[in-house]
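User: I'd like to go through this model and ask how each label was earned. Can you set the values against the criteria as we go?

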Amino acid sequence: MLIFDALRSTVLASVVFGLIPVGWWRIKGRKQAGFAAYFGLIRPQKNKSAGRMIVVYWLVWGVTHLPFFTQFTQPSASVYTGLGMTAILPIVIISFIQTGFFEEFLFRGFINKRLVRQFGDFGILLQAILFGSLHVLLAGNLTLLSGTIIFMTTAAGGFLLGYLAEKSFQGSILPGAFLHGLGNFIINLIQAFS
């Protein structure tokens, strides 16, 4: 049942996170670039800051995913608590495909690129604010503390992933999708074996 739920949720995310960007590209974007280039589904070309920024990302991730924060930022991980090996495939699907790929496709591949094009580097911050805000809107039973923690941690992650895509990997969202997925995978896996 977990695998079916993970697949259903991932298909729904692909529609929700993909419909507007792909529609936008078909109407407006394909005159500018092919599909892969438009959304950053390209081979990453790293620069000098790539390794340093990945370290910064993992440091921020480590701090924002301490047990105190995780209770607010990853409530969905509790679905897997104590399920062990039976949860691994659903966790891979949710972590790497649904959140890792489709969230990066929408936020860094579509929104970030459009905002950076319009506002320069300030667009990375705007995209991060949208990313954090959406996570707050989708969370349930919020207090001021939990809403603030969710916003701050997801906005910080969104900013770093946006920076990585635009500055460190020359427009590619693929490294960020992997990092995002790996972070979620680790948290979900810890829950599954706790």
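User: Which residues in α6 meet which residues in α7?

Analyst: Keep in mind that this is a predicted model. On the α6 side they are I124, L125, Q127, A128, I129, F131, G132, S133, H135 and V136. On the α7 side they are G147, I150, F151, T154, A155, G158, F159, G162, Y163 and E166. Contact here requires heavy atoms within 4.5 Å.

User: How are α6 and α7 packed, and what is the hand of the crossing?

Analyst: Helix α6 (residues 122-138) packs on α7 at an angle of about 145°, and the axes are 7 Å apart. The crossing is right-handed. By class, the contact has 11 nonpolar residues, 8 polar and 1 charged; glycine goes into the polar class by definition.

User: What is the span of α7, and what span is expected?

Analyst: α7 covers residues 144-168, which is 25 residues. The expected span uses 1.5 Å times one less than the number of residues, and that gives 36 Å for α7. The model has 34 Å from first C-alpha to last, so α7 comes out close to the expected value. After α7 comes Q170, with a positive phi near 50°.

User: What does UniProt say about that stretch?

Analyst: An unreviewed UniProt entry lists residues 144-165 among its "transmembrane region" features. In the model that span is 100% helix and 0% strand, with end C-alpha atoms 31 Å apart. Residues 172-193 are listed as well; there the chain is 86% helix and 0% strand, with ends 33 Å apart.

User: Why is the pair of W25 and F35 called edge-to-face?

Analyst: Two rings pair if their centres lie within 6.5 Å, and planes over 60 degrees apart count as edge-to-face. The centres of W25 and F35 are 5.3 Å apart and the planes stand at 90°, so both tests are passed and the label is edge-to-face. W25 sits in α1 and F35 in α2, so the pair ties together parts that are 10 residues apart in sequence. The structure holds 14 aromatic pairs.

User: How do α5 and α8 pack?

Analyst: Helix α5 (residues 88-119) meets helix α8 (residues 174-192) at about 145°, with axes 8 Å apart. That crossing is right-handed. Among the contacting residues are F96, E103 and R108 of α5 and H180, F185 and N188 of α8. The classes come to 11 nonpolar, 8 polar and 3 charged.

Conventions. Residues are numbered from 1 along each chain as its sequence is written. This is a predicted model: local features need pLDDT of at least 70, side-chain atom pairs count only at pLDDT 80 or more; totals for chains, interfaces and linings use all residues. Side-chain values use heavy atoms; hydrogens and water are left out. Helices (H or I, at least four residues) and strands (E, at least two) are DSSP runs, numbered from the N terminus. Axes are lines fitted to C-alpha atoms, for helices over the stretch in contact, and angles run from 0 to 180 degrees between N-to-C directions. A crossing is left-handed if the near helix is turned anticlockwise from the far one by less than a right angle, and right-handed if clockwise. Rings of Phe, Tyr and Trp (its six-membered ring) pair if their centres lie within 6.5 Å; planes under 30 degrees apart count as stacked, over 60 as edge-to-face and the rest as tilted. UniProt positions are given in the numbering used here, feature names are shortened, and annotations may be inferred rather than shown by experiment.
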